[in-house]
Amino acid sequence: MGRLKALKGIIEEELKEMDPAKKTAAMAHLYGVSLQATIIARHRGENSELLAMAGMLHDIAAYKTGSYEDHAHKGANIAKEILKQHQLTNSEETKLIVEAIAHHDDKDRKDSAFDEVLKDADVMDHVFKDLDKPVKAKEQARYEALCEEFQL
C-alpha cells in the first residue's frame with residue numbers, strides 16, 4: 001500500500017470520534033489541502049508526495065481537540081508521532097513535514113519553499129471551497145499572488 005493511502009486510513013482512525021458532519025467537513029478540508037499541495041508542489045518543483053502528506057495532517061490538532069489555539073504547533077507534534085509510529089517517513093522527510101505544519105498558520109511570513117506550498121494550499125482550499133465567503137485578511141496577499149502565479 002502506498003504512503004498516501006496508508007495515511008488516509010490513519011487519519012480516518014484518528015478522527016473516528018468526531019461528530020459525523022464535522023468529520024466530513026474536516027476530511028474534505030484535509031484532502032482538499034492535500035490535493036492543492038500536490039498541484040502547487042508539482043508546479044514549483046517541490047516533493048508532491050510529502051506535501052500531500054503534510055496537507056492531510058496540517059489541521060489534525062484542531063480536529064482532534066476542537067480548538068484552533070496554537071493548532072499548528074500542536075499539530076506538528078501529533079504529525080511527528082503519527083509518522084514515527086507508522087514508519088511512513090524517514091527522519092529527513094518527517095522533519096520537512098513537521099516544520100511545514102508548524103509554520104502553516106504563519107501566512108504573513110515567508111518560510112522555506114516547501115513550507116510555502118502548504119501555506120498556499122491551505123489558502124487555496126479556504127478560498128475555493130466557498131466562493132461566497134470573503135478572503136480572510138491574513139490570506140489576501142497570498143491569494144492574490146496565487147491568482148497571478150496560476151493565471152486565475
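What follows is a chat about a predicted model, moving from its helices to its core, its largest pocket and a few single residues.

Biologist: Before we start, what sort of model is this?

Modeller: This is a predicted model, and local features are described where the pLDDT is at least 70.

Biologist: OK, then how enclosed is α3?

Modeller: Nine of the 10 residues of α3 are buried, so this helix is largely enclosed by the rest of the structure. The buried residues are Ser48, Leu50, Leu51, Ala52, Met53, Ala54, Gly55, Met56 and Leu57.

Biologist: And what covers them?

Modeller: The cover over the buried residues of α3 includes α1, α2, α4, α5, α6 and α7.

Biologist: Can you take one residue of α3, say Ala54, and tell me how buried or exposed that one is?

Modeller: Ala54, which is found in helix α3, has a relative accessibility of 0%, and because buried means under 20%, Ala54 counts as buried. Leaving aside neighbours within four places in sequence, Ala54 is in contact with Ile97, Ile101 and Leu118. Ala54 and Ala76 are 22 residues apart in sequence, while their C-alpha atoms are 9.4 Å apart in space.

Biologist: Which residues touch the most other members of the largest nonpolar core?

Modeller: That core has 41 residues, and the ones that touch the most other members are Leu7, Ile11, Leu15, Leu57 and Ile101. The elements that give two or more residues to this core are α1 (3-14), α2, α3 (48-57), α4 (60-65), α5 (71-85), α6 (91-103), α7 and α8 (140-149).

Biologist: Leu57 was in both of your lists, so what does Leu57 touch?

Modeller: Not counting residues up to four places away in sequence, Leu57 touches Leu7, Ile11, Ala79, Ile82, Leu83 and Ile101. Among these partners, Leu7, Ile11 and Ile101 are also named with Leu57 as residues that touch the most other core members.

Biologist: Switching to α2, how does its length compare with what you would expect?

Modeller: The 25 residues of α2 should span 36 Å at 1.5 Å a residue, and the end C-alpha atoms of α2 are 36 Å apart, which agrees with that expectation. Just after α2 comes Gly45, which takes a positive phi of about 80°.

Biologist: Within α2, are Ser34 and Ala25 buried or exposed?

Modeller: Ser34 and Ala25 are each found in helix α2, but they fall into separate classes. Ser34 is buried, with a relative accessible area of 7%, whereas Ala25 is partly exposed, with a relative accessible area of 47%. The contacts of Ser34, leaving aside neighbours within four places in sequence, are with Ala52, Gly55 and Met56, and those three residues are among the buried ones of α3.

Biologist: And how far is Ala25 from Lys133?

Modeller: Ala25 and Lys133 are 108 residues apart in sequence and 16 Å apart in space, C-alpha to C-alpha.

Biologist: Now the largest pocket, how much space is in there?

Modeller: About 430 Å³ of space lies in the largest pocket. The pocket is lined by 23 residues, and the closest to its centre are His29, Tyr68, His126, Lys133 and Lys136.

Biologist: Which helices supply the lining, and what classes of residue does it have?

Modeller: α2 (20-44) and α7 (113-129) each supply at least two residues of the lining, and the largest share, five residues, comes from α7. By class, the lining has eight nonpolar, four polar and 11 charged residues.

Biologist: Besides glycine, which residues have a positive phi of about 50°?

Modeller: Asp70 has a positive phi of about 50° although it is not a glycine, and Gln151 likewise has a positive phi of about 50° without being a glycine. Asp70 sits in the loop between α4 and α5 and is partly exposed, with a relative accessible area of 42%. Gln151 belongs to the segment after α8 and is exposed, with a relative accessible area of 72%.

Biologist: Last one, is Thr89 buried or exposed?

Modeller: Thr89 lies in the loop between α5 and α6, and this residue is buried, with a relative accessible area of 14%. Not counting residues up to four places away in sequence, Thr89 touches Arg3, Leu50, Met53, Leu83, Thr94 and Ile97. Thr89 and Lys138 are 49 residues apart in sequence, and their C-alpha atoms are 32 Å apart in space.

Terms used. Residues numbered from 1 in each chain as written. Predicted model: local features only at pLDDT ≥ 70, side-chain atom pairs only at ≥ 80, totals over all residues. Heavy atoms only, no water. 1 Å grid on protein atoms, 1.4 Å probe; cavity = no way out; pocket = protein on both sides within 12 Å on 5 of 7 lines; lining within 4 Å. Points joined across faces, edges and corners; volume = space filled by probe spheres on them. Helix = DSSP H or I, 4+ residues; strand = E, 2+ residues; numbered from the N terminus. Nonpolar A, V, L, I, M, F, W, Y, C, P; charged D, E, K, R; others polar. Expected span 1.5 Å × (residues − 1). Core = buried A, V, L, I, M, F, W, Y, C linked by side-chain atoms within 4.5 Å. Buried < 20%, exposed > 50% of the residue type's maximum accessible area, 1.4 Å probe, protein only. Contact = heavy atoms within 4.5 Å.
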